[in-house]
Amino acid sequence: AHSNRGNALQELGQLEAAMNSYDRAIELQPDDAQSYYNRGNALQELGQLEAAVNSYDRAIELQPDYAQAYYNRGNALQELGQLEAAVNSYDQAIQIQPDFAEAYSNRGNALQELDQLEVALENYSRAIELKPDYTEAYSNRGNALQELGQLEAAVNSYDQAIQLQPDYAQAYSNRGIALRDLGQLEAAMDSYNRAIELN
C-alpha cells in the first residue's frame with residue numbers, strides 16, 4: 001500500500017512525498033524489489049541520478065531478472081554520461097527480454113553518442129522491427145543516417161516518424177536540417193515552419 005501510494009504521488013508530481021512512501025515501504029519490507037525500482041524512478045525524476053542508479057542496483061540485486069530496472073538504470077547512466085555502462089545495462093535488459101524495443105532504441109542513442117553510428121543504426125532498426133509504430137526510433141534512426149551522410153534515407157525516416165505522429169516537432173526540425181543539407185531549401189523552410197508552429 002505504501003509503495004502504491006508512492007506511485008500515485010509520483011503521478012501527481014509530488015516526488016518528495018512519493019519518496020517518503022517508498023522509503024516507508026522499504027522499511028517495512030526490505031526485500032521488495034518493486035519499491036526500490038519505484039524509488040529509483042522518483043529519484044531519476046528529481047535529477048538525483050546516482051542515487052537512482054543505486055536504487056535500481058538494489059532492485060536488481062533482489063530480482064536479477066528485472067529487465068525494466070536494467071533499462072531505467074541504463075537511462076540514468078546515460079544521463080550521467082556513463083555511456084558504456086549504459087550500453088551494458090541495456091544489454092542486460094535485452095538479454096532478459098529480447099523483444100524490448102525501447103532498450104534497443106536507447107542503446108542506439110548511447111552508441112550514437114559513442115560515435116558507433118553503424119551499430120546505433122542496427123539498434124534503431126531492431127527497435128522498429130519489434131515495434132513498427134515506434135515514432136522516436138524512426139526519428140533517432142534519421143539522426144544516425146544524417147550523421148552518416150545518408151540524407152535521403154534520413155528524410156525518409158523522419159517522414160515515417162511524422163506519419164505516425166503528425167505533431168512531432170523535433171522530427172520536423174531534424175527533417176529540415178537534412179533537407180537543407182540536400183540543398184532543398186524551400187522544403188527545409190517548410191519543415192522548420194511546421195516545427196515552430198507545433199512548438
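Biologist: How far apart are the mean positions of the positive and negative charges in this chain?
Modeller: The chain carries 12 positive and 31 negative charges, and their mean positions are 4 Å apart. Please keep in mind that this is a predicted model, and that every value I quote is computed from it.

Biologist: Okay, and what is the chain built from, in helices and strands?
Modeller: There are 12 helices and 0 strands, so the pattern read along the sequence is simply α-α-α-α-α-α-α-α-α-α-α-α. Taken along the principal axes, the C-alpha atoms fill a box of roughly 65 × 35 × 25 Å.

Biologist: How much of the chain is buried?
Modeller: Of the 199 residues, 49% are buried. The accessible surface comes to about 10,000 Å², and carbon and sulfur atoms hold 43% of that surface. As for contacts with a separation of 6 or more, 43% of them join residues 24 or more positions apart.

Biologist: Let's talk aromatics. How many pairs turn up in the whole structure?
Modeller: The search finds 4 aromatic pairs. One of them is formed by tyrosine 37 and tyrosine 56, whose rings are 6.0 Å centre to centre with 50° between the planes, which is a tilted arrangement.

Biologist: Which parts does that pair tie together?
Modeller: Tyrosine 37 lies in helix α3 and tyrosine 56 in helix α4, which spans residues 49-62, so the pair links parts that are 19 residues apart in sequence. Tyrosine 37 is buried because its relative accessible area is 10%, and tyrosine 56 counts as buried at 0%.

Biologist: What about tyrosine 71 and phenylalanine 100, how do their rings sit?
Modeller: Tyrosine 71 and phenylalanine 100 also form a tilted pair, with 4.9 Å centre to centre and 40° between the planes. Tyrosine 71 lies in helix α5, whereas phenylalanine 100 lies in the loop between α6 (83-96) and α7 (101-113), so this pair ties together parts that are 29 residues apart in sequence. Tyrosine 71 is buried at a relative accessible area of 11%, and phenylalanine 100 is buried at 4%.

Biologist: Which residues make up an aromatic cluster?
Modeller: Tyr37, Tyr56 and Tyr66 form one aromatic cluster. Tyr66 also appears among the contacts of alanine 33, which touches Ala59, Leu62, Gln63 and Tyr66 once neighbours within four places in sequence are left aside.

Biologist: Where is alanine 33, then, and is it buried or exposed?
Modeller: Alanine 33 is in helix α3, and it counts as buried because its relative accessibility is 5%, which falls under the 20% cut-off. Measuring from C-alpha to C-alpha in the model, alanine 33 and tyrosine 71 are 15 Å apart in space and 38 residues apart in sequence.

Biologist: Same helix, next residue: what does asparagine 38 touch?
Modeller: Asparagine 38 is indeed in helix α3, which covers residues 33-45. Not counting residues up to four places away in sequence, asparagine 38 touches Ser3, Asn7, Gln10 and Tyr22, and with a relative accessible area of 5% it is buried.

Biologist: And glutamine 78, what is it in contact with?
Modeller: Leaving aside neighbours within four places in sequence, glutamine 78 is in contact with Leu83, Ala86, Tyr90, Asn106, Asn109, Ala110 and Glu113. Glutamine 78 is placed in helix α5, residues 67-79, and at 14% relative accessibility it counts as buried.

Biologist: Switching to charges and rings: what sits over the ring of tyrosine 134?
Modeller: The charged end of lysine 131 sits over that ring, 4.7 Å from its centre.

Biologist: What is the phi of aspartate 115?
Modeller: Phi of aspartate 115 is near 65°, a positive value in a residue other than glycine. Most residues other than glycine have a negative phi. Aspartate 115 is found in the loop between α7 and α8 (117-130), and at 60% relative accessibility it counts as exposed.

Biologist: Last one: where is isoleucine 162, and what does it contact?
Modeller: Isoleucine 162 is found in helix α10, residues 151-164, and is buried with a relative accessible area of 10%. Apart from neighbours within four places in sequence, isoleucine 162 is in contact with Ala171, Tyr172 and Arg175. Isoleucine 162 and tyrosine 172 are 10 residues apart in sequence, and their C-alpha atoms are 7.4 Å apart in space.

Technical notes:
Residues numbered from 1 in each chain as written. Predicted model: local features only at pLDDT ≥ 70, side-chain atom pairs only at ≥ 80, totals over all residues. Heavy atoms only, no water. Helix = DSSP H or I, 4+ residues; strand = E, 2+ residues; numbered from the N terminus. Buried < 20%, exposed > 50% of the residue type's maximum accessible area, 1.4 Å probe, protein only. Contact = heavy atoms within 4.5 Å. Areas by Shrake-Rupley, 256 points an atom, 1.4 Å probe, with all protein chains shown as cover. Lys, Arg positive; Asp, Glu negative; His and termini not counted. Charge placed at Lys NZ, Arg CZ, Asp CG, Glu CD. Phe/Tyr/Trp six-rings, centres within 6.5 Å; stacked < 30°, edge-to-face > 60°. Lys NZ or Arg CZ within 6 Å of the ring centre and 35° of its normal.
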